[in-house]
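Work through the exercises below with the sequence and the model at hand. Each task is followed by a worked solution.

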Amino acid sequence: MSDGPSQPAPERKALTPEAQRALAEAEARRQAAAANTKPVPKELQGPKGPEPTRYGDWEHKGIASDF
């Protein structure tokens, strides 16, 4: 480490108008997607514990099977 003055951070390159427009459009899409999210319905009579389709096995009445 140096006790001397630190160098200033390099300046960022200016974005083109096309890049600025693309960033604005992406942010608008993110906000629209967040506004349109629906709550996930509660599962009735489903398996207890981790999601079996995610972890690759299924347990029913104490018997586990892989698929």
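**Exercise 1.** What percentage of the residues of the protein count as buried?

Solution. The model is predicted: local features need pLDDT of at least 70, side-chain atom pairs count only at pLDDT 80 or more, and totals for chains, interfaces and linings use all residues. Residues are numbered from 1 along each chain as its sequence is written, and side-chain values use heavy atoms, with hydrogens and water left out. Apply the classes: buried is under 20% relative accessible area, exposed over 50%, partly exposed in between (1.4 Å probe, protein chains only). Of the 67 residues, 3% count as buried.

**Exercise 2.** State the order of the secondary structure elements.

Solution. Take helices (H or I, at least four residues) and strands (E, at least two) as DSSP runs, numbered from the N terminus. The protein has 2 helices and 2 strands. Read from the N terminus, their order is α-α-β-β.

**Exercise 3.** Find the salt bridges and place them.

Solution. Search for a side-chain nitrogen of Lys or Arg within 4 Å of a carboxyl oxygen of Asp or Glu. The structure holds 2 such salt bridges.

Step 1: Glu25 pairs with Arg21 at 3.9 Å, N to O. These two residues are separated by about one helical turn, because they stand 4 residues apart in helix α1 (residues 17-35). Glu25 is partly exposed, at 41% relative accessible area.

Step 2: Glu27 pairs with Arg30 at 2.7 Å, N to O. Both belong to helix α1 and are 3 residues apart, about one turn of the helix. Glu27 is partly exposed at 35%, while Arg30 is exposed at 51%.
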